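Trainee: I would like a close look at one part of this model, namely the hairpin and the sheet it belongs to. Please go on from there to whatever adjoins it.

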Amino acid sequence: MGLEIENVSKSYGSNLVLDAVNLDVAPGEFVALLGPSGSGKTTLLRIIAGLQFADSGRLLMEGEDITGLEARLRRFGMVFQSYALFEHMSVADNTAFGLKMRPRGRRPSRSEIGERVKTLLDMAEIGHLADRYPSQLSGGQRQRVALARALAIEPRLLLLDEPFSALDTKIRKGLRTALRDLQKRVGISAILVTHDQEEAFEIADRIAVMSEGRIEQFGTAEELVRSPASPFVSEFLEGMANYENQGAGI
Ligand code: ADP
């Protein structure tokens, strides 16, 4: 079950951006879409999110056909590079926002919302920042809030588009670990778009290597390094064998 992507194609004019892409994400699995700029990663993620629609192909979530379903009905959590937090709301209120916006009847009680927000902020290691405002936070802390907020609605899937690329290396490393821990603890499936081989190797259970609108290979970091399916994969992952040997992340 989980998410199944079947033969998804997308063109912009005569530019074929996704060419019959197939991909499956198992329940609780973390998948990275890894590839150079222009390979179609963001387009694929936006189609999964329902922010764009494919020209052909199908998307199934837990067996339900969601191909034509609009974004807000998919119940997916999203974190992007430019974190749009509400500047006039505290960290706790930012995190609670999606829950408070629910129609009566589906809205948890105030105390349930408070509990859930507290748990998530603690899990994201920002419990002590609950009463602060976004302008008082560092870039890394803001992304932790964005992550907690995305998870607050108990989404069926977490989608991340280069969420840490604006941050510097050291902060990025800490956030990768936090993200992976959080995803495993919550038990949600996640898809991360990245052009950074190290990031994909460190976070993902399986990696889809993309080039020119196609998935060149889909497998674990170990499989990709040991038996690359094409010269492209082999070249794109050059140097990553050493990374494996250092025992980091695999
Ligand atoms: P990546 O995320 O791997 O960098 P993208 O999915 O952003 O790749 O882009 C894939 C290709 O689609 C690129 O050639 C890009 O120029 C093109 N593209 C993306 N969005 C649009 C758009 N809205 N209109 C026209 N072309 C687009």
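How many bridges join strand β1 (residues 3–12) to β2, and do the two run parallel or antiparallel?

Mentor: The strands β1 and β2 run antiparallel and are joined by 7 bridges. Before going further, note that this is a predicted model, in which local features need pLDDT of at least 70 and side-chain atom pairs count only at pLDDT 80 or more, while totals for chains, interfaces and linings use all residues. Residues are numbered from 1 along each chain as its sequence is written. Strands (E, at least two residues) and helices (H or I, at least four) are DSSP runs numbered from the N terminus, and two strands pair if DSSP finds at least two bridges between them.

Within the hairpin, E4 stands opposite D24 of β2. The turn has 2 residues between the strands, and G13 takes a positive phi near 60 degrees there. β1 also pairs with strand β4 (residues 56–61), again in the antiparallel sense, over 5 bridges; on that side, I5 has L59 as its bridge partner. The resulting open sheet has 4 strands in the order β2-β1-β4-β5, with antiparallel pairing. At its edges are β2 and β5 (64–65), each of which pairs on one side only. Helix α1 packs on this sheet and touches β1, β2 and β4, with a direction at about 60 degrees to that of β2 (angles run from 0 to 180 degrees between N-to-C directions of axes fitted to C-alpha atoms, for helices over the stretch in contact; contact means C-beta atoms, placed from the backbone, within 7 Å).

The hairpin and α1 lead to the ligand. β2 (15–25) and α1 (41–49) each supply at least two residues of the shell around it, and α1 gives the most, with 3 residues. The residues around the ligand (C-beta atom, placed from the backbone, within 6 Å) are Y12, N15, V17, G35, S37, G38, S39, G40, K41, T42 and T43. By class this shell has 2 nonpolar, 8 polar and 1 charged residues (Ala, Val, Leu, Ile, Met, Phe, Trp, Tyr, Cys and Pro count as nonpolar, Asp, Glu, Lys and Arg as charged, the others, Gly among them, as polar).

There is a second open sheet, of 6 strands with mixed pairing, in the order β6-β7-β8-β3-β9-β10. Its edges are β6 (76–80) and β10 (214–219); each has a single partner strand, so one side of each lacks a neighbour in the sheet. Neighbouring strands here are turned by 15 degrees against each other on average, direction ignored. At one end, β9 (residues 206–211) and β10 run antiparallel and are joined by 5 bridges, with R214 as the bridge partner of S211. Elsewhere, helix α4 lies across β6 and β7 (157–161), running at about 165 degrees to β6.

Helix α4 (residues 139–152) also packs with helix α3 (residues 110–123), at an angle of about 140 degrees and with the axes 9 Å apart. From α3, R116, V117, L120 and L121 meet A148, L151 and A152 of α4. The residues of this contact divide into 6 nonpolar, no polar and 1 charged.

How values were computed: Two residues are in contact if their C-beta atoms, placed from the backbone, lie within 7 Å.
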